[in-house]
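Trainee: I am new to this one. Could you walk me through how its descriptions are justified?

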Amino acid sequence: REVADEFGAKDGRQRWVLGSIGPGTKLPSLGHITYDVLRDGYQKNAEGLLAGGSDALIAETTQDLLQTKSSIIGARRAMDALGVQVPLICSLAFETTGVMLLGSEIGAALTALEPLGIDLIGLNCSTGPDEMSEHLR
């Protein structure tokens, strides 16, 4: 936050800081961790990022819908606990076959995540830009 503000003061252009949540290596759908423990961990992560001055939060490279939901709910709880609201971004990782690592296809993922009020949903990782064009379509 401090570095972004320093650069902004030098040239008058605003800089934004995105606080990164995840992805992590524990997937609740595979039984590596329980949903509530993961959600609470993501909440603590988000609280620290918000306290540090993040302008937005991004849950990134999520591979499992329960993992994704736990990060989003954790971020929402952090915002509520601190009394702040910032944009919430989510970036999902898809395989070349058009499914997340644990098999959720893109339509199912969007349907499951839409009610959570995410401001922006994107795709990343797993494949290159050429392979993602069909997923975006």
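Mentor: Here are a few questions and answers about this predicted model.

Trainee: Let's begin with the overall layout. Which pattern does the protein follow along the sequence?

Mentor: The order is α-β-α-β-α-β-α-β-α, built from five helices and four strands.

Trainee: What makes the protein as compact as a globular protein of that length?

Mentor: Its radius of gyration is 16 Å, and the globule rule gives 14 Å for 137 residues; the two are close, so the description holds. The C-alpha trace spans about 45 × 35 × 25 Å along the principal axes.

Trainee: Why does Leu-65 count as buried?

Mentor: Buried means under 20% relative accessible area. Leu-65 has 16% relative accessibility, so Leu-65 counts as buried. This leucine is found in helix H3, residues 65-82. Across the protein, buried residues make up 38% of the 137 residues.

Trainee: How do you know that Lys-10 lies over the face of Phe-7?

Mentor: One part of the test asks for NZ of Lys within 6 Å of the ring centre. Lys-10 is at 5.1 Å from the ring centre of Phe-7, and it lies over the ring's face.

Trainee: How many aromatic pairs does a search of the whole structure find?

Mentor: Zero. To pair, ring centres must lie within 6.5 Å.

Trainee: And which residues make the nonpolar surface patch?

Mentor: Leu-30, Leu-101 and Leu-102 make it, with an area of about 260 Å². Residues in a patch need over 30% relative accessible area. Leu-30 sits in the loop between strand E1 (18-21) and helix H2 (35-51).

Conventions
Residues numbered from 1 in each chain as written. Predicted model: local features only at pLDDT ≥ 70, side-chain atom pairs only at ≥ 80, totals over all residues. Heavy atoms only, no water. Patch = residues over 30% accessible without salt bridge, like charges linked within 9 Å, V, L, I, M, F, W, Y side chains within 5 Å. Areas by Shrake-Rupley, 256 points an atom, 1.4 Å probe, with all protein chains shown as cover. Salt bridge = Lys/Arg side-chain N within 4 Å of Asp/Glu carboxyl O. Helix = DSSP H or I, 4+ residues; strand = E, 2+ residues; numbered from the N terminus. Phe/Tyr/Trp six-rings, centres within 6.5 Å; stacked < 30°, edge-to-face > 60°. Lys NZ or Arg CZ within 6 Å of the ring centre and 35° of its normal. Rg over C-alpha atoms; globule rule 2.2 N^0.38 Å. Buried < 20%, exposed > 50% of the residue type's maximum accessible area, 1.4 Å probe, protein only.
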